[in-house]
Amino acid sequence: MSQVLDIERCDLDIKSNSSSHHTDLCEEERLIVRRGQPFNIILHLKPGSKEFIPGETSFTLIAETGPLPRKESDTKVTFGLSDSTGDSEWSASATNDPSGNSVSVSISSSPNAPIGVYSLTLEQEGQTTSLGQFTLLYNAWCARDAVYMRSEEKRKEYVLAQHGLVYRGTHKRIKGKPWNFGQFERGILDICLKILDENPKYVSDADKDCSSRRDPIYVTRVLSAMINSNDDRGVLVGSWGDFSGGVHPGTWIGSGDILKQWAESGPVSYGQCWVFAALACTVSRALGIPCRVVTNFGSAHDTDANLLIENFYNEEGERISAGDSIWNFHVWVDSWMARPDLGSQFNGWQASDPTPQETSEGIFCCGPCPVEAIKEGELTKKYDAPFIFAEVNADVVELVQLSSGEFVQFDGSTKSVGRNISTKAVGSNERHDITHQYKYAEGSKEERKVYEKAQHHNKLKQRGEEPGLHLKIKLADNMIVGADFEVYAILTNNCMEARTCTFLFYAKAVTYNGKEGESCGFTSDKVEVPSGGEKRMSLKLEYERYGSVITSDRLIQVSAITIDKQITNYHKAEKTIVLDEPDIKIKLLEEATVNQSVKAELTLLNPLPEPLRDCSFTVEGVGLTDGKPITAKYVNFILTLMSGFMNQLQKWKVRS
């Protein structure tokens, strides 16, 4: 007859388990472990209880998750003691403390178990004892887990790093925006699990949804849909125009405040692509899925799925259609996981995009799609490969509509889409260019071969410079908000004879996703360019004109067009200006000491030819601001930042 243990209490040994499971950064006293890896609990016995005797004393453990735990769904598992913990299924082993007053139990979860909050129960001879709860995450440190990542440095970056950089701008003027992911801040993990519980698939079939959470492919696709609020009670409302009644997307500097607002009151206004992506990164890392934020410069939005971006103009050079577009940049995430559904050659980084652009299977979501499938033009692979392929590798065609109604191609490019695809480097704040992971080198035989495979009916364009007129735009060196400066359009004639054409040069405000705003400069002329010669046209951009029409993106699009109606010859050049803004300088005025106040001075030089009014600074940092951004709305003010171990006094100053 087996011995029955009389248990007084269970110690979940949180500190030791958290350290070995890489969850010690979580600001909460709870047991959080990663699947496929043993964790220990200690059963303290009541005085006078019989000792645990290996081979004679036995008990069963029951682990349950979800509202309807079932063995058939792997949301309820029952397992007994063995000599050691296994590496493929739930298992447990136990050893007796020499004093006889306690029993140490080592429990190993399956590396394929559904993630979530589990209850743990001990059963012996029909009697049950609740041992407590634990939260189970994916495990990038476990070789049998689908999210296993071999490099420790990469695991530190893509799972544990709480802050990073999100890149924006244009491919020639790339700027990193600091972002506080804060996945280990107090309350964030519960909010991330709440996001899963709010998704429509859980609402319609909770048992199936919880069971499917064993698969990071499934969870990543759910997150792609739930980070935006288009089809559900998702986290963020997107807006690319009117921001009234909400927060301008450029104001956010961290994920924690957004997630907490959503948990309290539902969808948060407003987000744009970099905010959607940063939130997806926070939630993925919190759940244990390695994740990186990726920015694609010159990102195509192919609305008709023909892998071409077609721009149509009338004979006066005016744009007459706005279906397809090219965003100056677009941001999504890559998540690391195996793809047993597609084959091992597609393991690794998987692109997914929570920004609501086009529907996928009737829902505004995108991915996850293997980056390798995108690179190789394997457009039949799940999920949404054609759309993501077009974002990084579509060809651009410029067409003019003649008075007869006929469309004539006058320009195009195979190189303007998918430039300088960027993410933060591992272990540093440098930019890492990952374009080669998404596509072969532009113009290479491999890149063209892949495009041919993806777009069978498009013919390869002949490469090399052709005789004719060539148009380019040259920008000024220093283009700062508030300054006046000139840009130039240069028309070169490589023909054997002189050419006479109409020369148009204009500037418009533009948003980062390609939406044109109001004009802020225009000039035109009829020019004759001799053979081998060139004509240069200047356009002065004055703050008095562009200051009132640019958005917070600080982008101006300059376009030059030449029209030779005699031979139906059109040329176009276009560049986007990113106006520089002043840097904020931070200077500590005294030596920083743990648990002591420290003074800092913040300085901003106003570049505008007018005073700044109603200014504010916003600051956020891990362990400094209690998970929320702090905004100061005065020119001179004193602000105290609190944490469990540090109390900092910050003094900010603005110099205009």
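Leaving aside residues up to four places away in sequence, Ser-109 touches Arg-34, Arg-35, Gly-36, Gln-37, Glu-89, Trp-90 and Leu-136. This is a predicted model, and Ser-109 makes a handy way into it. The residue sits in the loop that links strand S7 (102-108) to strand S8 (116-124). Despite that loop position, Ser-109 counts as buried because its relative accessible area is 1%, against a cut-off of under 20%. One of the neighbours just listed, Gly-36, also shows up in a polar pairing: a polar atom of the Ser-109 side chain lies 3.0 Å from the backbone nitrogen of Gly-36.

Strand S8 leads on to the sheet. Five strands make up an open sheet, ordered S2-S9-S8-S4-S5, with mixed pairing. At the edges are strand S2 (32-34) and strand S5 (76-80), each of which pairs on one side only. Going from one strand to the next, the twist averages 35 degrees. In general, strands of a sheet pair through backbone hydrogen bonds, and they can do so in parallel or antiparallel fashion. Strand S4 (residues 60-65) and S5 run antiparallel and are joined by five bridges. As for individual bridge partners, Ala-63 is matched with Val-77 in S5.

Then there is the nonpolar packing. As a rule, nonpolar side chains in soluble globular proteins tend to be buried together. Here the largest nonpolar core has 99 residues, and the members that touch the most others are Trp-274, Leu-287 and Tyr-438. Helix H8 (residues 273-287) supplies the largest share of this core, with twelve residues. Tyr-438 has quite a list of contacts once residues up to four places away in sequence are set aside: Val-294, Trp-332, Asp-334, Ala-351, Val-371, Ile-374, Lys-375, Val-392 and Ile-421. Apart from the largest core lies another one, of 31 residues, including Val-481, Ala-489, Val-527 and Leu-539.

How far to trust all this is a matter for the confidence scores. The protein chain averages a pLDDT of 87, and 93% of the residues score at least 70. Over residues 456-466, though, the pLDDT is below 50, and this stretch has 17 contacts in the model beyond near neighbours in sequence. Residues 635-656 also stay under 50 in pLDDT, and for them the model has 69 contacts beyond four places in sequence.

Conventions. Residues numbered from 1 in each chain as written. Predicted model: local features only at pLDDT ≥ 70, side-chain atom pairs only at ≥ 80, totals over all residues. Heavy atoms only, no water. Pairing = 2+ DSSP bridges. Helix = DSSP H or I, 4+ residues; strand = E, 2+ residues; numbered from the N terminus. Axes fitted to C-alpha atoms, helices over the stretch in contact; angles between N-to-C directions. pLDDT = per-residue confidence, 0-100. Contact = heavy atoms within 4.5 Å. Core = buried A, V, L, I, M, F, W, Y, C linked by side-chain atoms within 4.5 Å. Buried < 20%, exposed > 50% of the residue type's maximum accessible area, 1.4 Å probe, protein only. Polar contact = N/O pair within 3.5 Å; in protein donor to acceptor, adjacent residues only side chain to side chain.
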